Amino acid sequence: ARAAVEIAADLLGVMMVVTDMHGRPLTEVANPSPWFRTHADEPGVLDACITEWRDLADHPDLTPAFQLGALGFQCARAFIRNGTSLVGMVLAGGVGPAGGSPELTGLHHLDDAQRHRVLAALPRIAAAISTTAPRPAATAPKEDR
């Protein structure tokens, strides 16, 4: 997952990370925005991100969409599956709000076409990671007693 996310983040011009369904990072943040590089070690910043990432897991819409978080930048996610279970997320973030003011420095700024490309790529990246995830062992059906 790490290699796929690093390549995708660089090609799409966004920050990316793979998390579990509780928002906890399973990979390092790839292509961190200058803002994130500067502030990631400050107390509470990573915790705030994890809280936002957990909230993205709880959002009922399965379609990726950029959402503004408490830290002032946008993130979008796609789910990673293992069989029929959702087991994690691929997140793209560190993105300045659409039409955002220029004083939001240190964020990745995307035009409409770039935003569309990120949102279209997220499910494909998640699907690629899903196909490499270990599958649960098959169990025999229990007999009716």
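These legends accompany close-up views of one predicted protein model.

The model is predicted, with local features needing pLDDT of at least 70 and side-chain atom pairs counting only at pLDDT 80 or more, while totals for chains, interfaces and linings use all residues. Residues are numbered from 1 along each chain as its sequence is written, and side-chain values use heavy atoms, with hydrogens and water left out.

**View 1. The overall fold has 4 helices and 4 strands.**
Follow the protein chain along its sequence and you will meet the pattern α-β-α-α-β-β-β-α. Helices (H or I, at least four residues) and strands (E, at least two) are DSSP runs, numbered from the N terminus. Of the 145 residues, 39% count as buried; here buried means under 20% relative accessible area, exposed means over 50%, and partly exposed lies in between (1.4 Å probe, protein chains only). Among contacts with a separation of 6 or more, 53% come from residues 24 or more positions apart. A contact means heavy atoms within 4.5 Å.

**View 2. Arg77 is buried without a salt bridge.**
This arginine sits in strand 3 (residues 74–82). The nearest side chain of opposite charge belongs to Asp61, 6.3 Å away. For charge, Lys and Arg count as positive and Asp and Glu as negative, while His and the chain ends are not counted. A salt bridge needs a side-chain nitrogen of Lys or Arg within 4 Å of a carboxyl oxygen of Asp or Glu. What the side chain of Arg77 does reach is backbone: the oxygen of Leu56 at 3.0 Å and the oxygen of His59 at 3.2 Å. Such a polar contact is a pair of N or O atoms within 3.5 Å; within protein, one must be able to donate a hydrogen and the other to accept it, and residues adjacent in sequence count only if both atoms are side-chain atoms. Leaving aside neighbours within four places in sequence, the contacts of Arg77 include Leu62, Thr63, Pro64, Met89, Val90, Leu91 and Leu122.

**View 3. Two salt bridges are found in the structure.**
In one, the side chains of Glu6 and Arg2 meet at 3.3 Å, N to O. Both residues lie in helix 1 (residues 2–12), 4 residues apart, about one turn of the helix. Glu6 is partly exposed because its relative accessible area is 39%, whereas Arg2 is exposed, at 53%. The side chains of Arg24 and Asp20 form another bridge, at 2.8 Å, N to O. Here Arg24 counts as partly exposed because its relative accessibility is 44%, and Asp20 counts as buried, at 12%.

**View 4. The search of the whole structure finds 1 cavity of 30 Å³ or more.**
The largest cavity holds about 40 Å³ of space. On a 1 Å grid over the protein atoms alone, a cavity is a set of points where a 1.4 Å probe fits but cannot get out, and lining residues have an atom within 4 Å of a point. Grid points are joined across faces, edges and corners, and the volume is the space filled by probe spheres set on the points. Look for Met15, Met16, Val17, Trp53, Phe73, Cys75, Leu91, Ala92 and Gly93 in the lining. Strand 1 (15–20) and strand 4 (85–95) each supply at least two of these lining residues.

**View 5. His108 and Asn31 are two loop residues in contact.**
His108 is placed in the loop between strand 4 and helix 4 (112–132), and counts as buried because its relative accessibility is 13%. A polar atom of the His108 side chain lies 3.4 Å from the backbone oxygen of Gly13. Asn31 belongs to the loop between strand 1 and helix 2 (34–39). Its relative accessibility of 28% makes Asn31 partly exposed. Phi of Asn31 is near 50°, a positive value in a residue other than glycine. Most residues other than glycine have a negative phi.

**View 6. Val45 and Leu71 are 26 residues apart in sequence.**
In space, their C-alpha atoms are 8.3 Å apart. Val45 lies in helix 3 (residues 45–58) and is buried, at 8% relative accessibility. Beyond its neighbours within four places in sequence, Val45 is in contact with Trp35, His39, Ala40 and Leu71.

**View 7. Thr132 and Ala1 are 131 residues apart in sequence.**
Their C-alpha atoms lie 8.2 Å apart in space. Thr132 is part of helix 4 and is exposed, with a relative accessible area of 61%.

Conventions: On a 1 Å grid over the protein atoms alone, a cavity is a set of points where a 1.4 Å probe fits but cannot get out, and a pocket is an open set with protein on both sides within 12 Å along at least five of seven lines; lining residues have an atom within 4 Å of a point.
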